[in-house]
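Here is a short tour of the structure for anyone coming to it from the bench. Have a look at the model first, and then read on.

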Amino acid sequence: MTTNPWPGEWMRGVLDLCVLAVLAEGRTYGYAVAARLDELGLGTIKGGTLYPLLARLEEAGHVTTHWEAGDGGPGRKYFALTAAGRAALAARADAWRTFAALTTTITSAATAPPAVDAAVDAAADAAAEPATGAPAGRPPNPQEPR
Amino acid sequence: MTTDRPHTRDAHPGSDAAWREELVLALRARDVDGARIGEVLAEVDEHCRASGEDAAEAFGDPAAYAAARTVDEHDPSDRSPRRSPSVRQAVAHLPSLLGLLLVVACAGRTTVPVTVGWLLAAALYPVAATLVVHVVLDAALTGRSRRGLVVAWALLTATSVAALAAVLLLPGVLVTLPRTVALVGGGTLLVAGALVATRSAVRSPDADVVSRPWDDPADVRRRNVRAGVLAAWLLPAMAVVGYAGLTALDAALTALAG
């Protein structure tokens with residue numbers, strides 16, 4: 001079984017968004033969500049983490065649930081994304097992409113060799129411009145040569 | 001496409017059964033209703049069956065998991081009373097308990113002396129029973145079920161010692177009842193209490209059994225009524241067993257002495 005390759009605090013910030021993204025592929029059940037996240041490279045998500053998160057999404061109206069008779073078992077709970085869930089996914093995914101681009105810019109500027117600084121600047125400007133609700137421009141970098 | 005892992009475990013192996021019991025107790029302690037508990041259990045069963053993991057491996061500590069499942073539902077500032085029994089509810093059973101003691105006291109006797117200590121001892125038990133339930137539920141909230149049971153046993157032992165002391169130290173007789181009067185009086189208290197509780201259980205069931213999401217609501221109601229009726233007749237059943245046991249013991253001792 002895959003172990004979790006990412007720090008816990010990163011996972012806490014992004015897991016609900018990734019679960020919404022998996023549910024956007026179609027209605028599915030709890031273990032299948034965990035297996036899909038594992039398959040996508042997020043690592044093993046335990047039931048103790050996943051089901052409380054799914055319950056919170058249900059409470060927020062982002063998913064609906066219903067039980068179906070299982071094969072040889074008593075039943076299976078299916079989760080499906082609602083319109084509100086789809087809207088939340090779109091909004092948060094957009095914000096996350098902006099945030100990820102910003103973090104990439106900040107960390108790249110601090111770690112990249114000087115030759116690629118210009119390319120990084122261009123990427124940062126491109127990432128910051130279309131962002132909705134994101135900070136305008138990139139933050140000043142005290143280590144950057146002027 | 002995701003496929004379930006092959007089943008590597010039974011549906012409820014020993015350790016998993018204990019894990020589930022702790023989860024149910026911890027959820028009960030958080031005032032989660034039976035239907036919701038059943039749904040959480042069904043999710044656990046389904047996940048374990050699909051993943052091949054056991055419950056502890058997949059869901060961690062049962063008390064912590066119960067807390068995670070109720071964190072958004074349980075406002076810490078909420079001071080509304082919990083469904084766990086109050087002292088007032090326990091004291092409502094006092095007449096039935098007196099009936100039980102009267103009936104049991106009749107075994108092997110021609111008269112029943114009712115003393116101050118005897119009445120005090122009878123009143124101690126409902127209070128102790130309420131405390132025990134609270135201790136067990138509070139222990140389940142923090143995942144210390146075993147410690148809760150130890151404290152509960154200590155409480156019951158202390159109550160029994162206090163009751164015995166009350167009977168021995170307060171021997172003043174309030175009234176001496178003939179055996180028939182005590183038996184009929186005790187039986188009446190017991191049956192009346194059981195009938196009132198049965199009527200209440202049938203009209204608006206107080207019991208809240210754990211039910212699965214796919215259970216028929218009519219069947220769940222029937223089970224709640226059945227649980228309520230069984231609870232209503234528990235004290236009369238104890239009185240019959242206690243009376244029969246003590247009478248048989250008395251007869252055996254008399255035969256041995258003779």
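## The fold of chain B

Chain B is built from eleven helices and two strands. This is a predicted model, and the layout below is read from it. Starting at the N terminus, the elements of chain B follow the order α-α-α-α-α-α-β-α-α-β-α-α-α.

How do the contacts in chain B spread along its sequence? Taking the contacts with a separation of 6 or more, 77% join residues that lie 24 or more positions apart.

## Surface and interior of chain B

Chain B has 258 residues, and 34% of them count as buried. On the outside, chain B exposes about 14,400 Å². Carbon and sulfur atoms supply 66% of that exposed area.

## Cysteines

If you are wondering about disulfides, a search of the whole structure, over all chains, finds zero.

Are B:Cys48 and B:Cys106 buried or exposed? B:Cys48 counts as buried because its relative accessibility is 8%, which falls under the 20% cut-off. B:Cys106 has a relative accessibility of 0%, so B:Cys106 counts as buried too.

## Confidence in chain A

Turning to chain A, the average pLDDT is 82, and 71% of the residues score at least 70. One stretch to treat with care is residues 131-146 of chain A, where pLDDT stays under 50. For these residues the model has 18 contacts beyond four places in sequence. Where pLDDT is low, the predicted coordinates should not be read in detail.

How values were computed. Residues numbered from 1 in each chain as written. Chains lettered and ligands numbered in written order. Predicted model: local features only at pLDDT ≥ 70, side-chain atom pairs only at ≥ 80, totals over all residues. Heavy atoms only, no water. pLDDT = per-residue confidence, 0-100. Contact = heavy atoms within 4.5 Å. Disulfide = S-S within 2.5 Å. Buried < 20%, exposed > 50% of the residue type's maximum accessible area, 1.4 Å probe, protein only. Helix = DSSP H or I, 4+ residues; strand = E, 2+ residues; numbered from the N terminus. Areas by Shrake-Rupley, 256 points an atom, 1.4 Å probe, with all protein chains shown as cover.
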